[in-house]
Amino acid sequence: MSLNPPFYGDYGHGSAAQLSLQRYYQQILPETQKKDGTKSSDPTAVGASTKSKPRLLLMGQRRSGKSSISSVVFHKLPPNETLFLESTVRIQKDSMASFMDFQVWDFPGQIDIFEDNGFDMDAIFGEIGALIWVIDAQDDYLEAVARLNSTIAILQSRYPNINIEVFIHKVDGLSDDYKLDIQRDITIRIQDELSDQGYENAPVTFHLTSIYNHSIFEAFSKVIQKLIPRLGTLESMLDNLCRTCRFGKAYLFDVLSKIYIATDSSPADMASYEICSDYIDVIIDITDVYGTWHRSEEGRKRLEGEPWNGKLEDQVGCPTVESCLVLHDSKKPIMLREVDRYLALVAIMGEDSYDKMPLVNMNVEATVEGLTEFFNITRRKK
Ligand SMILES: Nc1nc2c(ncn2[C@@H]2O[C@H](COP(=O)(O)OP(=O)(O)OP(=O)(O)O)[C@@H](O)[C@H]2O)c(=O)[nH]1
């Protein structure tokens, strides 16, 4: 078995204290010397490794939750440990080794990069994938909305193609009605301002998020999906799989972050996403405990001998992780199949599909081959 999740970025797993310490060390790393000798926190001082990767910029007011989002989604920090995160003082750059290498930049809330002349806008926004603006829904958000409005106006005039994703964050603990009221109010305030300035179709999208439930992963999934070239091809592969195998829902997951990068076109519901994403955790925990499956020489000989007479590799369905689980109360099996080091296909099967496992396996195998080919081609084209 594999499915060993790759380590993301620079922190890896760790306690809140370790994380704070690592963040602190990163923040006090020798700053870049400007030509005139003054110190600079210029974000253009990016190493070659961080160039040419789509970038997600996390911006917003102080304490709005930017570092918490990045730590929970990309570093598996338990949400309640974000209480101990220290305020970010310099731009925090993380490279994610994933199915698509991308970077996450966490901006300190107290800096307004548009007012401070030390920032090179082209270096920040030149290769950007999306700007994620985090608004604290539990606080007075008028100032945050005003700052977002001026940011959108600047970006629309200079970089009109940047996707702007507004995370109306910390909505846990708010009633459903209140959440929707806030979303409506913020949306109207932003759209009114934009149309006053003559920007009718600015690419601004709103998400209700919290680190205490799956909504933050769902929102990131939607953000990342916009960056995938030919997403429609992936979706139609999953549609075909669902149709031929009578699956209820299929997701292609990035294993560690549990962001889903594609799903079939049937209506998405949070419950199916949650169960599939929790299933990944179960499998990762099992592989963490039992590791790679080593067979004894004797056991291998027995399996390769009479009556099978064939190499074990030719007898097993696939060399990577493959798992299926039936929940007692729903009677709908959930299946998981590893696609590569980073990706896994997880699907909720129909009630009758368990009887047709050989056919299901064949179709899953064909889909995995298709997905592998898809990523080989799109990676080559970049
Ligand atoms: N209730 C709730 N609290 C959250 C959520 N996300 C973050 N927080 C809390 O918000 C506080 C501030 O979080 P940070 O991630 O440090 O905020 P930041 O935007 O990075 O702040 P700066 O580094 O100062 O810009 C922490 O105490 C978090 O625990 C959430 O979804 N719900």
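Across which strands does α6 lie, and at about what angle does it run to β8? In this predicted model, helix α6 lies across β3, β6, β7 (163-169) and β8, and its direction is at about 160° to β8.

The sheet beneath this question is a good place for a newcomer to start. It is an open sheet of six strands, arranged in the order β4-β5-β3-β6-β7-β8, and its pairing is mixed. The edges are taken by β4 (92-96) and β8 (204-208); each has a single partner strand, so one side of each is left without a neighbour in the sheet. From one strand to the next, the twist averages 20°. In general, the strands of a sheet pair through backbone hydrogen bonds, in either a parallel or an antiparallel way. Here, strand β3 (residues 55-60) and strand β5 (residues 102-106) run parallel and are joined by four bridges. Within this part of the sheet, R55 stands opposite Q103 in β5.

Helix α2 also packs on the sheet: it lies across β3, β4, β5 and β6 (128-136), running at about 150° to β5. Both β3 and β6 are therefore crossed by α2 and by α6. The two helices meet each other as well. The axes of α2 and helix α6 (residues 215-225) come within 11 Å and cross at roughly 85°, so α2 and α6 are roughly perpendicular to each other. On the α2 side the meeting residues are I69, V72 and V73, and on the α6 side they are I216, F217 and F220. By class, this contact has six nonpolar residues, with no polar and no charged ones.

A second helix pair can be followed in a similar way. Helix α4 (residues 142-158) and helix α5 (residues 176-196) have axes that come within 10 Å and cross at roughly 35°, and the crossing is right-handed. From α4, the contact draws on V145, L148, N149 and I152, while α5 supplies I186, R189, I190, E193 and L194. Sorted by class, the contact of α4 with α5 has six nonpolar, one polar and two charged residues.

Finally, there is the ligand. It is surrounded by 21 residues, and the closest are G65, S67, S68, T88 and G109. Helix α2 (residues 66-75) returns here, as the largest share of the shell, three residues, comes from it. The shell around the ligand divides into five nonpolar, eleven polar and five charged residues.

Key:
Residues are numbered from 1 along each chain as its sequence is written. This is a predicted model: local features need pLDDT of at least 70, side-chain atom pairs count only at pLDDT 80 or more; totals for chains, interfaces and linings use all residues. A residue is near a molecule or strand if its C-beta atom, placed from the backbone, lies within 6 Å of it. Ala, Val, Leu, Ile, Met, Phe, Trp, Tyr, Cys and Pro count as nonpolar, Asp, Glu, Lys and Arg as charged, and the others, Gly among them, as polar. Axes are lines fitted to C-alpha atoms, for helices over the stretch in contact, and angles run from 0 to 180 degrees between N-to-C directions. A crossing is left-handed if the near helix is turned anticlockwise from the far one by less than a right angle, and right-handed if clockwise. Two residues are in contact if their C-beta atoms, placed from the backbone, lie within 7 Å. Angles under 35 degrees count as roughly parallel, over 145 as roughly antiparallel, 65 to 115 as roughly perpendicular and the rest as oblique. Two strands pair if DSSP finds at least two bridges between them.
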